[in-house]
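Open your viewer, get the selection box ready, and let's take a walk through this protein together. Each stop tells you what to select next and what is there.

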Amino acid sequence: HLKNHKLVIAGTPVSESYAEELKSYIKEHNLDNINCDFGWVPEKKKLQYFKNASIMVMPYIWGPYTSAVIADAVSYNIPVIVSEVGAVHEIAQEYKIGKVIHPNSHIAIQKAVKEVEKNYTKYQKNITAYRKQANWNAVALATNKVYKK
């Protein structure tokens, strides 16, 4: 549904069978705009992916904690699309640094990508505002205030 986009699916999939299912689907439908890089992504390659990305999609199906990948995306000023599962989506939702979607929906991903593209500048401004609040100096000052109390 995003044929005019270059997509990279990188990282460790839910299962090996799911990875094989995705590869088969991509091959069967001649989706040359999709590249799969399953497994651990080394820092050098991850850096290249972030430099080339304009949107980070994280279609989690489970996530009781926040995601370090969201923090990485924010550090590169990349808006995120993340599933509403566990606590993973909270930063994106609270600071409006991207779109929060229902899990297991390729249609939700497609719509979110188009929404983020349409309002890209707004999401980047929200990322900048979030980075001012979440940087080490701001966090240290807030922590210091709590300790002084």
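Start by selecting T66, S67, I70, A71, V74, S75, I91, Y130, R131, A134 and N135, the residues that line the second largest pocket. On a 1 Å grid over the protein atoms alone, a pocket is an open set of points where a 1.4 Å probe fits, with protein on both sides within 12 Å along at least five of seven lines, and lining residues have an atom within 4 Å of a point. Rolling a probe the size of a water molecule over the atoms shows where empty space is left.

Which elements give two or more residues to this lining? They are α3 (68-75) and α6 (120-134), so colour both. With four residues, α3 gives the most. Helices here are DSSP runs of H or I with at least four residues, strands are E runs of at least two, and both are numbered from the N terminus.

How much space is in there? About 220 Å³ lies in this second largest pocket; that volume is the space filled by probe spheres set on the grid points, which are joined across faces, edges and corners. Now colour the lining by class: six residues are nonpolar, four are polar and one is charged. Ala, Val, Leu, Ile, Met, Phe, Trp, Tyr, Cys and Pro count as nonpolar, Asp, Glu, Lys and Arg as charged, and the others, Gly among them, as polar.

A quick word on what is on your screen: this is a predicted model, where local features need pLDDT of at least 70 and side-chain atom pairs count only at pLDDT 80 or more, while totals for chains, interfaces and linings use all residues. Residues are numbered from 1 along each chain as its sequence is written, and side-chain values use heavy atoms, with hydrogens and water left out.

Zoom out for the whole view. You should find seven helices and five strands, running β-α-β-α-β-α-β-α-β-α-α-α from the N terminus on. The C-alpha atoms fill a box of roughly 60 × 30 × 30 Å along the principal axes. Of the 149 residues, 28% are buried. Buried means under 20% relative accessible area, exposed means over 50%, and partly exposed is in between (1.4 Å probe, protein chains only).

Next, select V14, Y18, I61, W62 and Y65 and switch on the surface: together they make a nonpolar patch of about 590 Å². Patch residues have over 30% relative accessible area and no salt bridge, and nonpolar side chains (Val, Leu, Ile, Met, Phe, Trp, Tyr) are joined within 5 Å. The areas come from the Shrake-Rupley method with a 1.4 Å probe. Click on V14, which sits in the loop between β1 (7-11) and α1 (16-28). V14 is exposed, at a relative accessible area of 61%.

Time for some charges. Side chains of opposite charge can pair when their charged atoms come close. How many salt bridges does the structure hold? There are five, each with a side-chain nitrogen of Lys or Arg within 4 Å of a carboxyl oxygen of Asp or Glu.

- Select D37 and K45: their side chains meet at 3.4 Å, N to O. D37 is buried at 13% relative accessible area, whereas K45 is partly exposed at 38%.
- Select K46 and E43: the closest N and O atoms are 3.3 Å apart. Both lie in helix α2 (residues 43-52), three residues apart, about one turn of the helix. K46 is partly exposed at 23%, and E43 is exposed at 53%.
- Select K118 and E115: here the closest N and O atoms are 3.9 Å apart. These two are also in one helix, α5, and are separated by about one helical turn because they are three residues apart. K118 is exposed at 64%, while E115 is partly exposed at 22%.

Now add D72 to the selection: salt bridges that share partners join E43, K46 and D72 into one network.

Last stop: backbone angles. Most residues other than glycine have a negative phi. Select N77, in the loop between α3 and β4 (80-83), and check its phi: the value is positive, near 60°. Then try N104, in the loop between β5 (98-101) and α5 (106-118), with a positive phi of about 60°. Is each one buried or exposed? N77 is partly exposed at 28%, and N104 is exposed at 71%.

Terms used. Patches are made of residues with over 30% relative accessible area and no salt bridge: like charges are joined within 9 Å, nonpolar side chains (Val, Leu, Ile, Met, Phe, Trp, Tyr) within 5 Å.
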